[in-house]
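Open the model in your viewer and keep the sequence panel beside it. This tour goes stop by stop: what to select, then what is there.

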Amino acid sequence: MNLKDKYADLLKLGQELQINASEISEEGGKLKVRGTAEYQLAKDKLWDKIKSYAGWENDLVADIKVSNTDVYGYYVVKSGDSLSKIAKDVYDDGKKYMKIYEANKATIGDSPDRIKPGQKLQLPNP
């Protein structure tokens, strides 16, 4: 099995996260991935996936840049979401929900409990 096949789901995630790959190649027994994520959130999600592979350090080299650093990223609210659930997923800390609320008061309204599916929320940098 070649490395592109071994990491096919990682490469697919990179496409889903809209990471623009400038290079995906196999050289010297390593898969080299270079690209640019629009926001840090996408880069972090890709790295979380990379780190889920046992022994990735031995066969993968990733160099992912970020083009926009003004915010961490954006999130589209789904049914069943809450700001604390989003904060837990994004920042690993549900208590940071007020940070998301403060950045999106104009969209959400007077209460952090009033998010609606389809709303696009700005995620401030951690």
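**Stop 1: I100**

Select I100 and show its surface. I100 has a relative accessible area of 0%, so it falls under the 20% cut-off and counts as buried. Keep in mind throughout that this is a predicted model.

Now colour by secondary structure. I100 sits in helix α6, which spans 97–103.

What is I100 in contact with, leaving aside its neighbours within four places in sequence? Pick out L83, I86, A87 and Y91, then L121, Q122, L123 and P124. Of these, take Q122 for a distance check. Q122 is 22 residues from I100 along the chain. Their C-alpha atoms are separated by 7.2 Å.

**Stop 2: the whole chain**

Zoom out. The chain has 126 residues, and 37% of them count as buried. I100 is one of the buried residues.

How many helices and strands does the chain have? Count 7 helices and 5 strands. Trace them from the N terminus: the order is α-α-β-β-α-α-β-β-α-α-α-β.

Turn the view along the principal axes. The C-alpha atoms fill a box of roughly 55 × 25 × 20 Å.

Next, think about contacts between residues at least 6 apart in sequence. Of these, 62% join residues at least 24 apart.

**Stop 3: K12, and a long distance**

Select K12, in helix α2. Its relative accessibility is 49%, so K12 counts as partly exposed. The exposed class starts over 50%.

Add E102 and draw a line between the two C-alpha atoms. The line is 33 Å long. In sequence, K12 and E102 are 90 residues apart.

**Stop 4: α2 against α3**

Stay with α2 (8–16) and add α3 (40–50). How do the two helices pack? Their axes are 10 Å apart, at an angle of about 170°. That makes α2 roughly antiparallel to α3, because the angle is over 145 degrees.

Show side chains at the contact. From α2, select D9, L10, L13 and G14. From α3, select K45, L46, K49 and I50, which they meet. Colour the contact by class: it has 4 nonpolar, 1 polar and 3 charged residues.

**Stop 5: the largest pocket**

Turn on a pocket display. Rolling a probe the size of a water molecule over the atoms shows where empty space is left.

The largest pocket holds about 360 Å³ of space. It is lined by 15 residues, and the closest to its centre are L17, Y39, L41, A42 and Y74. Select those five to centre the view.

Which elements supply at least two residues each to this lining? Highlight α3, β4 (73–76) and α5. β4 gives the most to the lining of the largest pocket, with 4 residues.

Colour the lining of the largest pocket by class. You should see 8 nonpolar, 2 polar and 5 charged residues.

**Stop 6: the second largest pocket**

Move on to the second largest pocket, with about 160 Å³ of space. It has 13 lining residues. The closest to its centre are L11, G14, A21, I24 and V33. G14 also appeared at the contact of α2 with α3.

Highlight α2, β1, α3 and β3 (60–66), which each give two or more residues to the lining of the second largest pocket. Which of them gives the most? It is α2, with 4 residues.

Apply the class colours again. The lining of the second largest pocket divides into 11 nonpolar, 2 polar and no charged residues.

**Stop 7: two loops with positive phi**

Finish with the backbone angles. Most residues other than glycine have a negative phi. Here are two to check against that.

Select Q18, in the loop between α2 and β1 (20–27). Phi of Q18 is near 60°, a positive value in a residue other than glycine. Is Q18 buried or exposed? Its relative accessibility is 57%, so Q18 counts as exposed.

Now select D92, in the loop between α5 (83–91) and α6. The phi of D92 is positive too, near 60°. D92 has a relative accessible area of 64%, so it is exposed.

From D92, α6 brings you back to I100, where the tour began.

Key:
Residues are numbered from 1 along each chain as its sequence is written. This is a predicted model: local features need pLDDT of at least 70, side-chain atom pairs count only at pLDDT 80 or more; totals for chains, interfaces and linings use all residues. Side-chain values use heavy atoms; hydrogens and water are left out. Buried means under 20% relative accessible area, exposed over 50%, partly exposed in between (1.4 Å probe, protein chains only). On a 1 Å grid over the protein atoms alone, a cavity is a set of points where a 1.4 Å probe fits but cannot get out, and a pocket is an open set with protein on both sides within 12 Å along at least five of seven lines; lining residues have an atom within 4 Å of a point. Grid points are joined across faces, edges and corners, and a volume is the space filled by probe spheres set on the points. Ala, Val, Leu, Ile, Met, Phe, Trp, Tyr, Cys and Pro count as nonpolar, Asp, Glu, Lys and Arg as charged, and the others, Gly among them, as polar. Axes are lines fitted to C-alpha atoms, for helices over the stretch in contact, and angles run from 0 to 180 degrees between N-to-C directions. Angles under 35 degrees count as roughly parallel, over 145 as roughly antiparallel, 65 to 115 as roughly perpendicular and the rest as oblique. Contact means heavy atoms within 4.5 Å.
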